[in-house]
Amino acid sequence: MAQVSLAGIGKTYEGAGANTIAGLDLDVQDGEFLVLVGPSGCGKSTTLRMIAGLEEPTAGEIRIGGRRVDGLEPRERGIAMVFQNYALYPHMTVAQNMSFGLRLARLPRAEIRRRVEGAAETLGLSGHLDRHPKALSGGQRQRVAMGRAIVREPEVFLFDEPLSNLDAQLRGQMRAEIRRIHDRLSATTIYVTHDQVEAMTLADRVVVLKDGRIEQQGSPQELYDRPATRFVAGFLGSPQMNFLAATVRNGALDLGGGAVLPLPPGRPLPEGRRLDAGIRPEAFAAAAPEDAAFHATATMVEHLGATSLVHFSHAGQDCAALMEPARAPRAGQPVHLSADPARLSLFDADSGRAV
Amino acid sequence: MTAIDAQGTVAAARARRTPRQKRDARVAYVFLAPFLFLLLLFQYVPLAMMAKNAFMDYSLLNPDAAKFVGLLNFSDMLYFDDARESLAATFLFALGVVAIVIPLGFALALFLDSKLPARGIVRTIIMLPVVTSAVVVATMWNFLLDPSNGLINGVVTAMGLPRQPFLTSPDQALVMIAIMTAWQQVGFAAILFLGGLQGVPKELAEAARIDGATKAQVLWNITIPLLSRTTLFVVVIMTVFSLQAFAPAFLMTDGGPRDSTNLIVYHIYKTAFVMQNAGYASALSVLLLVIVLGISLLQMWLLRARWNY
């Protein structure tokens, strides 16, 4: 098992004006499950592909287990990778797909069989070893792709959006399975996704990338509760955080449209400072009209089953609040809400950094 | 039971065709009509006439004297050596063309698929012979291969080797026209291979590299097996094309020396228009048609999808 470290990694594509990735520093601990998350084009897949050796960085150093690997072929790096489109060899059976790397490495037949059968057992593929990928379902193909990675007993597992081609139910199942396999093998895992649910549920540590730079890293809960920037706050969490333009006035937070909230405890802010206040949809609570800070008309109500998402407009800004279905208004009805100041996230209006 | 059910369903579906579907079908036939008419007039009617003539003793000089001879033309093919010899030369020729075109076309396609410089120019260069008329190509190679003044013999003698007869030697002529045809067709094969290569998902090669494959191993274990259908297609196209080759034999060798390049289509031409034995030529044409059809059917059977990506 191994530590992975990136030092000052940069990647510039010919013809592209700006750097795709500039000066990225990242250390992944031995046995850690690290998730790289970010919107498309943020450089997360490129970073993963540079670790895999499928692309070469234009600057910086990559080390795996202390050994410098940039410039080495993928096969010399002790890694295995699972691709978004599975990348199964269509002309080979499941067993041949899984054993391809082992056969190239000229492992003894008995050892190859032991590993393939072991992985197939773990992944519930034992009955499918003689089939071709064409005859498998999406979930089974995904398992074969994982099996192909597992049998190589790599030091580092790389996952490039492995679940994005699966339907929602299967995605949930496979998510649990990936985490289970990680816990069993305790190999270092680097997992790229744009799906923040995957990031939140799988990761020991989440790294949020934006424009080729690390925006914030930390445990999923840490990022959710204390986002360092407005971008991270907006990216993590579904439904999304609401943002309202706010000004500090008379020692309180004026959110416009007549809504005033006390400043969050322990955070004195200078008078007149302009901020973006972030309120998670679940931080709203239904309140009596006289106690409520927000008075609006529900524009749309989405019933999610356990909760209802009430959309309304406040000071020209579209907002959404999660409410108990029993207390949720109907579209067109007035809605009165309060918000817990302790659960507010405040960002500088210009830089977007948390204050 | 199932068959009856299925037929019933088909009949029901036909009966249920809406007015809109009927109108669409009519429009489709109107668009198809000009082409179908030309196809009928210039392909199928002559084909039918040829099939009929194959059973006749028939000469173009006196078509009225044609008379039915049953399978005589076909039994003549077995009795005389000409058909067998001509077909042997033609298959040898096709084998030579395919043997040169496949590896060379594949190598060129790999080059064109790479990021190397000059591939735009190379693409143009290799496609030029493909779009050049076979007559022009044959004439040009006649000059190149000329025993006394030819450029190639110039190079051969400059290297201190004896002058080669090329097109006038029974041992070399077939090889030379196969090389020439391969030279002309290799660009087409390369383009077909290039299409195949670009259809192979990039991740497969990447996955193989992660699995520990070297570039050569990726080529051997992934790319080449995945291109098997393209390869088969190119083999069939080139075989069928070679079986129908006419210009090299007609313009360069007259089928000689000693019938060594007497390709089947040229032989048919000579039989019909020089020997004035159109009936026998028709029978040979039917045989060629059956052979080409057989190869095409075999291709369709082999190309049925076993896996996809």
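**Figure 1. A salt bridge links the two chains of this predicted model.** In this close-up, A:Arg49 and B:Glu206 form a salt bridge, and their closest N and O atoms are 2.5 Å apart. Across the interface of chain B and chain A, the rule finds four salt bridges. Look as well for polar contacts: seven residue pairs make them across the interface of chain B and chain A. Two helices of chain B, H9 (202-210) and H10 (215-226), each supply at least two residues of the side that touches chain A. The largest share of that side comes from H9(B), with seven residues. Sorted by class, the side of chain B that touches chain A has eleven nonpolar, five polar and five charged residues.

**Figure 2. Chain B and chain A meet in a contact built from both sides.** How many residues does the contact take from each chain? Chain A gives 25 residues and chain B gives 21 residues. The size of an interface is often given as the accessible area lost when the parts come together. Here, chain B and chain A bury about 2100 Å² between them, with 62% of it on carbon and sulfur atoms. Three residues to find on chain B are B:Arg209, B:Ile210 and B:Asp211, which supply 35% of the area that chain B buries against chain A, more than any other three residues.

**Figure 3. Two phenylalanine rings pair up in chain A.** A search of the whole structure finds 19 aromatic pairs over all chains, and one of them is A:Phe284 with A:Phe294. A pair of aromatic rings is described by the distance of the centres and the angle of the planes. For A:Phe284 and A:Phe294, the centres are 5.4 Å apart and the planes are at 85 degrees, so the pair is edge-to-face; the cut-off for that label is over 60 degrees. A:Phe284 belongs to strand S15 (residues 284-286) and A:Phe294 to strand S16 (residues 294-303) of chain A, so the pair ties together parts that are ten residues apart in sequence. Are these rings' residues buried or exposed? A:Phe284 counts as buried at 5% relative accessibility, and A:Phe294 is buried with a relative accessible area of 1%.

**Figure 4. Aromatic residues form a cluster in chain B.** Ring pairs link B:Phe246, B:Phe250, B:Tyr266, B:Tyr269 and B:Phe273 into this cluster.

**Figure 5. B:Ile237 sits in a helix of chain B.** You can find B:Ile237 in helix H11 (residues 228-243). At 27% relative accessibility, B:Ile237 is partly exposed. How far apart in space are B:Ile237 and B:Pro248, C-alpha to C-alpha? The distance is 18 Å, and the two residues are eleven apart in sequence.

**Figure 6. A cis peptide bond appears in a loop of chain A.** The bond joins A:Ser238 and A:Pro239, with omega at about 0 degrees. A:Pro239 lies in the loop between helix H8 (230-235) and strand S11 (242-249) of chain A.

**Figure 7. Two residues that are not glycine have a positive phi.** A:Glu161 has a phi of about 45 degrees and is found in the loop between strand S7 (156-160) and helix H5 (168-185) of chain A. With 9% relative accessibility, A:Glu161 counts as buried. In chain B, phi of B:Gln276 is near 55 degrees, and B:Gln276 has its place in the loop between helix H13 (264-274) and helix H14 (278-302). B:Gln276 counts as partly exposed, at 22% relative accessibility.

Notes
Residues are numbered from 1 along each chain as its sequence is written. Chains are lettered from A and ligands numbered from 1 in the order in which they are written. This is a predicted model: local features need pLDDT of at least 70, side-chain atom pairs count only at pLDDT 80 or more; totals for chains, interfaces and linings use all residues. Side-chain values use heavy atoms; hydrogens and water are left out. Contact means heavy atoms within 4.5 Å. Buried area is the accessible area (1.4 Å probe) that two parts lose on being put together, summed over both. A salt bridge is a side-chain nitrogen of Lys or Arg within 4 Å of a carboxyl oxygen of Asp or Glu. A polar contact is a pair of N or O atoms within 3.5 Å; within protein, one must be able to donate a hydrogen and the other to accept it, and residues adjacent in sequence count only if both atoms are side-chain atoms. Helices (H or I, at least four residues) and strands (E, at least two) are DSSP runs, numbered from the N terminus. Ala, Val, Leu, Ile, Met, Phe, Trp, Tyr, Cys and Pro count as nonpolar, Asp, Glu, Lys and Arg as charged, and the others, Gly among them, as polar. Rings of Phe, Tyr and Trp (its six-membered ring) pair if their centres lie within 6.5 Å; planes under 30 degrees apart count as stacked, over 60 as edge-to-face and the rest as tilted. Buried means under 20% relative accessible area, exposed over 50%, partly exposed in between (1.4 Å probe, protein chains only).
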